[in-house]
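Reader: Could you take me on a close look at one part of this one, the second largest pocket and what surrounds it? I'd like the cut-offs spelled out as you go.

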Amino acid sequence: MAALRRALALNAVAIARLRPQAVLARSRPYFVAGSQFRAYTCTSPRRQNAFHSQLEGISNAADILSSQNSAAPANPQTLTEKIVQRYSVGLAPGKKVRTGDYVTLAPHHCMTHDNSWPVAAKFMDIGASKIHDNRQVVMTLDHDVQNKSEANLNKYRQIETFAGKHGVDFYPAGRGIGHQIMVEEGYAWPATVTVASDSHSNMYGGISSLGTPVVRTDAASIWATGQTWWQIPPVAKITFTGILPPGVTGKDVIVALCGLFNQDDVLNHAIEFTGSEQTMASIPIDDRLTIANMTTEWGALSGLFPVDEMLISWYRAKATTAAMLDSASKDRINHRRVDELAENQLFADPGAKYAKELYCNLSTLSPMASGPNSVKIATPIKNLEAQNIPLNKAYLVSCTNSRASDIAAAARVFREAAKDGKPAKIADGVNFYIAAASLPEQQIAEEAGDWQVLLDSGAQSLPAGCGPCIGLGTGLLEPGEVGISASNRNFKGRMGSTSAKAYLASPEVVAASALKGKIAGPGWYQKPEGVEKVIIGEGTGNHVADKAVSIEDAFDKLIGDMESTIATAEGALEGSSTPTTAEDESLTDILPGFPEKVEGEIVFCDGDNINTDGIYPGKYTYQDNVPKEKMAEVCMENYDTAFRTTAKAGDILVAGFNFGCGSSREQAATAILAKQIPLVVAGSFGNIFSRNSINNALMGVELPRLVRRLRESFKDDEAAAGKPLTRRTGWKLLWDVRRSKVVVTETDGQSWEQKVGELPPNVQEIIARGGLEKWVKSKIEA
């Protein structure tokens with residue numbers, strides 16, 4: 001059996017890193033995609049055009065549009081919409097779901113981790129006594145597994161007891177990270193909706209499962225009823241062209257996407273990745289999992305890859321292994337299910353409408369790193385190498401990049417550096433921490449000999465779990481230190497001190513950096529002939545097709561403009577263009593218990609992308625029963641320690657764009673409520689924060705105009721005295737809920753108003769009840 005396991009381990013690593021198309025690609029430049037040779041010049045950072053010779057075929061634009069439209073079925077759906085359709089309940093007969101629809105979802109599976117006990121407390125508080133479908137629920141312990149305090153161990157015992165009582169599948173501390181377990185054990189499955197009370201549920205998209213995060217209150221609702229609510233987000237199509245060059249990984253792909261499309265391009269979107277058969281075959285499944293995992297950091301709610309031959313072959317290998325080892329996963333991963341998957345593949349319909357389309361030529365990518373302290377900064381490794389950035393700590397951890405294939409890549413770095421039969425060692429002064437994504441992945445690495453190579457190099461092993469990635473346990477960054485990690489987030493303060501610098505990169509770059517004592521690569525990258533810059537843009541990367549679609553869009557816009565002009569003229573003739581009077585103003589019905597108006601002084605946190613780690617530090621997230629006074633004290637601590645004394649009860653918190661991005665922790669909302677701030681206004685919100693706010697009765701309004709006006713008004717003060725992170729403005733804000741408008745009064749007494757979206761009755765009811773938990777309880781008791 002040991003020999004069999006070793007053979008399977010070596011085969012698993014080989015399959016995970018296999019790129020069978022590489023042999024086909026060696027005879028021609030790497031930037032060739034399909035049969036058409038392409039060369040590019042960069043004319044703007046948002047769009048790249050072809051040489052003139054490639055524009056000669058544009059006369060075919062009408063033919064392309066005709067062929068696209070003729071193949072389109074009535075009411076075509078995206079892949080995301082098709083999967084949601086399957087798992088929506090209570091739809092009207094014949095109803096096809098669309099972006100923007102609110103649906104009731106009955107997800108295939110729902111995973112909770114260390115937050116299972118807080119979810120259980122909510123479950124019991126709402127009056128539920130039995131889990132609706134115990135086969136739907138999975139519980140894993142993965143976040144704070146190094147914490148051996150009695151309080152944490154007791155919480156873990158409570159979760160295990162609760163799971164046993166309800167017959168729920170349970171995975172104890174040390175077994176692995178929940179997301180990895182969901183994939184390797186077959187709970188997340190292609191063409192299903194799989195949710196988890198964690199922001200990196202997007203990872204399931206790597207195996208074509210629509211994975212999206214829910215929050216603790218949603219999870220409790222799923223436990224009690226089998227269902228939760230979801231609004232289908234706008235869908236973005238990301239087309240890959242070219243193929244990955246040697247030395248470039250899935251981590252480099254997502255680092256590039258986050259860093260180059262860094263203007264909230266896909267914020268709160270569902271993503272669908274696509275490309276030619278050859279292109280997609282260059283992205284192994286482990287790399288797809290990495291890319292999908294970090295679509296969270298890109299701002300998306302899901303990151304869906306297609307079902308293709310690469311995925312089916314991967315599942316066939318796993319089904320064979322499960323059968324040979326008589327694994328518990330064989331009931332979920334077996335050849336019968338794989339055959340069904342192959343025979344019933346789900347695709348987006350021709351003509352499906354996407355909110356936006358972007359492309360990236362994989363052949364033009366090179367090894368890259370994110371940071372410091374932001375995924376919106378992407379730098380080629382060769383540029384960082386030239387800066388000789390000294391390193392203190394390196395991390396090969398997390399569900400993003402700590403599978404057996406990743407460990408093998410890191411081990412290869414040290415194998416190649418070994419001399420005279422002696423193992424290569426990490427550089428003096430560097431601490432290198434390794435933790436597998438799961439125990440089975442670690443066992444594969446051990447059987448292959450890769451785990452021991454890293455231990456021989458001086459690496460320190462940690463239990464399979466989240467650990468440093470979430471800022472818990474051994475090896476956190478100290479003040480002034482520099483770290484590089486194969487994980488997914490490098491927000492300021494997430495992995496330790498707020499004054500440390502954190503970078504993200506592939507496992508091989510992390511290993512090479514630990515070896516050399518500075519940020520460096522292993523030297524494996526082979527630059528394709530003719531590649532000088534990264535090629536990205538809007539559209540599909542197929543210039544002729546993109547031009548054709550642009551013509552259609554322009555035509556539609558022209559018709560729309562004409563219709564608008566005619567309507568305006570007709571309105572003028574009928575006398576309807578007179579100003580709206582107060583009597584004509586539409587009024588929103590206000591439910592009992594909901595305030596008609598909310599007002600207070602504006603305290604301005606002038607920052608974009610203020611994440612949940614900044615709002616509520618990770619070190620408190622898994623401490624249960626933190627008093628409200630303590631929550632209020634540490635609110636915004638990682639963003640600005642002065643917020644504690646600057647902000648007052650009753651203030652209106654105004655922040656920049658993409659406020660509340662990051663993790664799914666509910667405390668980001670409840671800490672603001674603990675500070676007695678009733679309303680948050682932002683240029684835009686991260687979707688997970690918006691969901692948490694509604695579920696916990698924190699009100700929020702998006703008002704980009706106010707953010708721009710504040711920045712314009714205080715720019716002279718900032719030039720003279722420096723920009724404060726938190727500012728008392730002296731401005732007053734009144735949100736008139738009944739009239740769906742906001743009135744802002746500036747310090748000079750001038751006031752202006754802005755219409756905002758109407759607050760629907762169902763949201764009012766949840767907030768008026770004190771949050772979703774109490775709303776569900778009222779329904780159960782009714």
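Author: Sure, and the pocket rule comes first. On a 1 Å grid over the protein atoms alone, a pocket is an open set of points with protein on both sides within 12 Å along at least five of seven lines, whereas a cavity is a set where a 1.4 Å probe fits but cannot get out; lining residues have an atom within 4 Å of a point. Grid points are joined across faces, edges and corners, and a volume is the space filled by probe spheres set on the points. Two bits of housekeeping: this is a predicted model, where local features need pLDDT of at least 70, side-chain atom pairs count only at pLDDT 80 or more, and totals for chains, interfaces and linings use all residues. Residues are numbered from 1 along each chain as its sequence is written, and side-chain values use heavy atoms, with hydrogens and water left out.

By that rule the second largest pocket comes to about 1200 Å³. It has 42 lining residues, and Tyr 102, Trp 229, Ser 690, Ile 694 and Val 763 are the closest to its centre. Helices and strands here are DSSP runs numbered from the N terminus (H or I, at least four residues, for helices; E, at least two, for strands). The elements that each give two or more residues to the lining include strand 4 (102-105), helix 8 (216-225), strand 10 (228-231) and helix 29 (772-781). Helix 25 gives the most, with 6 residues. Sorted by class, the lining has 24 nonpolar, 13 polar and 5 charged residues; Ala, Val, Leu, Ile, Met, Phe, Trp, Tyr, Cys and Pro count as nonpolar, Asp, Glu, Lys and Arg as charged, and the others, Gly among them, as polar.

Now for the strands at the pocket. Strands 3, 4 and 10 form an open sheet in the order 3-4-10, with antiparallel pairing; two strands pair if DSSP finds at least two bridges between them. Strand 3 (88-89) and strand 10 are the edges, each pairing on one side only. Strand 4 and strand 10 are joined over 4 bridges in the antiparallel sense, and Thr 104 sits opposite Trp 229 of strand 10. That is the Trp 229 listed among the residues closest to the pocket centre.

Some of the pocket's elements also reach into the largest nonpolar core. A nonpolar core is a set of buried Ala, Val, Leu, Ile, Met, Phe, Trp, Tyr and Cys residues joined through side-chain atoms within 4.5 Å, where buried means under 20% relative accessible area, exposed over 50% and partly exposed in between (1.4 Å probe, protein chains only). This core has 41 residues, of which Val 84, Phe 123, Met 139 and Trp 223 touch the most other members. Strand 4, helix 8 and helix 29 are among the elements that give it two or more residues, as are strand 6 (137-140) and strand 8. Helix 8 gives the most to the core, with 5 residues. In soluble globular proteins, nonpolar side chains tend to be buried together.

Strand 8 leads on to another sheet. This one is open, with 5 strands in the order 7-6-5-8-9 and parallel pairing. Its edges are strand 7 (169-171) and strand 9 (210-213), each pairing on one side only. Strand 8 (residues 193-196) pairs with strand 5 (residues 109-112) over 3 bridges, in the parallel sense. Cys 110 stands opposite Val 195, and Met 111 has Ala 196 as its bridge partner. Towards strand 9, strand 8 pairs over 4 bridges, also in the parallel sense, and Thr 194 has Gly 211 as its bridge partner there. In a regular strand the side chains alternate between the two faces of the sheet. In strand 8, Val 193 and Val 195 point one way while Thr 194 and Ala 196 point the other, and all are buried.

For contrast with the pocket, have a look at the enclosed spaces too. There are 5 cavities of 30 Å³ or more, and the largest has a volume of about 250 Å³. It is lined by 26 residues, with His 113, His 143, Asp 198, Ile 470 and Tyr 622 nearest its centre. The class count for that cavity lining is 7 nonpolar, 12 polar and 7 charged residues.
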